[in-house]
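Here's a quick briefing to read with the model open in your viewer. Have the sequence to hand as well, since the notes go residue by residue in places.

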Amino acid sequence: MKVFDPETKDYAKTRRISDKLPTLMAAVYLYTKRRTTLLVFDFDSKSHGAAQVDADFARALSWLTACGARMVCDRSTNGGRHILVPLAIGTTASFDEIQPLMRQLKARLPSLDPKPMQNPKEGCISVPGTPCAGGGYRLL
């Protein structure tokens with residue numbers, strides 16, 4: 001996982017995933033060799049506000065539920081939201097396969113930040129239980 005360095009204000013350090021909650025903001029990588037097993041929706045409240053995030057989150061959640069997806073959802077203390085959708089066991093998706101989907105989703109969900117899924121080398125997402133930038137922890 002990538003760990004936030006408070007001195008440089010960047011995710012500069014890398015640590016092994018353990019069974020203990022991180023004491024610093026942390027994020028897991030999304031791609032290995034340009035393939036992923038996780039579809040990530042990152043809704044950003046800083047740019048669009050909590051109300052837009054909640055509306056976009058509800059819309060995406062309804063689409064995913066209608067498709068039969070299983071999801072893990074969380075909320076940050078600033079109102080941002082994540083939907084983490086594991087792909088079917090034994091299934092992966094390539095970086096190139098994901099890009100048209102992310103463009104279409106961004107066109108319909110204004111608060112969606114597609115950047116984590118658009119970076120095959122450094123793309124990452126913080127997971128439930130990790131510290132938030134404004135204090136507190138991401139909650140399921």
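What follows is a short tour of the fold, one helix, the core, the salt bridges and a couple of single residues.

Keep in mind that this is a predicted model. The protein is built from two helices and nine strands, and 41% of its 140 residues count as buried.

**Overall layout**

- Reading from the N terminus, the elements come in the order β-β-β-β-β-α-β-β-β-α-β.
- Take the contacts between residues at least 6 apart in sequence: 63% of them join residues at least 24 apart.
- The exposed surface comes to about 8300 Å², and carbon and sulfur atoms supply 56% of that area.

**Helix α2, one side in and one side out**

- Helix α2 covers residues 95-108, which makes 14 residues. At 1.5 Å a residue it should span 20 Å, and its end C-alpha atoms are indeed 20 Å apart, so the two values agree.
- Which residues of α2 are buried? They are F95, I98, Q99, M102 and L105.
- These buried residues cover an arc of only 140° around the axis, which means that they sit on the same side of α2.
- Turn to the other side of α2 and you'll find D96, E97, R103 and A107, which are exposed.
- As for what the buried side packs against, the partners are β4 (35-36), β5 (38-43), α1 (45-66) and β8 (93-94).

**The nonpolar core**

- The largest nonpolar core holds 24 residues. Within this core, F41, F43, I83 and M117 have the most contacts.
- Elements giving two or more residues to this core are β5, α1, β7 (81-86) and α2.
- Strand β5 makes the largest contribution, with five residues.
- I83 is a handy one to click on. Setting aside neighbours within four places in sequence, I83 touches L39, V40, F41 and F43, along with F57, A60, L61 and L64, and also M71, V72 and C73.

**Salt bridges**

- As background, side chains of opposite charge can pair when their charged atoms come close.
- How many salt bridges does the structure hold? The count is five.
- One of them joins the side chains of D54 and R75, at 3.5 Å from N to O. D54 belongs to helix α1 and R75 to strand β6 (residues 72-75), so this pair ties together parts that are 21 residues apart in sequence.
- Are D54 and R75 buried, exposed or partly exposed? D54 has a relative accessible area of 32%, so it counts as partly exposed. R75 is partly exposed too, at 33% relative accessibility.
- Another pair is D74 with R138, whose side chains meet at 2.9 Å, N to O. Here D74 lies in strand β6 and R138 in the segment after β9 (124-125), so the bridge ties together parts that are 64 residues apart in sequence.
- Both partners of that bridge, D74 and R138, are buried.
- The side chains of D113 and K115 also form a salt bridge, with an N to O distance of 4.0 Å. D113 has a relative accessibility of 17%, under the 20% cut-off, so it counts as buried. K115, in contrast, is exposed, with a relative accessible area of 60%.
- Salt bridges with shared partners also link D54, R75 and R81 into one network.

**S126, in the segment after β9**

- S126 is found in the segment after β9, and its relative accessibility of 15% is under the 20% limit, so it counts as buried.
- Which residues does S126 contact, leaving aside neighbours within four places in sequence? They are A26, A27, D74, H82 and R138.
- Two of those names, D74 and R138, are the partners of the 2.9 Å salt bridge described above.

**V3, in strand β1**

- V3 is part of strand β1 (residues 2-5). With a relative accessible area of 1%, V3 is buried.
- V3 and A27 are 24 residues apart in sequence, yet their C-alpha atoms are 6.6 Å apart in space.
- A27 is a name you've met already, as it is among the contacts of S126.

Conventions
Residues numbered from 1 in each chain as written. Predicted model: local features only at pLDDT ≥ 70, side-chain atom pairs only at ≥ 80, totals over all residues. Heavy atoms only, no water. Helix = DSSP H or I, 4+ residues; strand = E, 2+ residues; numbered from the N terminus. Expected span 1.5 Å × (residues − 1). Buried < 20%, exposed > 50% of the residue type's maximum accessible area, 1.4 Å probe, protein only. Arc of directions from axis to C-beta. Contact = heavy atoms within 4.5 Å. Areas by Shrake-Rupley, 256 points an atom, 1.4 Å probe, with all protein chains shown as cover. Core = buried A, V, L, I, M, F, W, Y, C linked by side-chain atoms within 4.5 Å.
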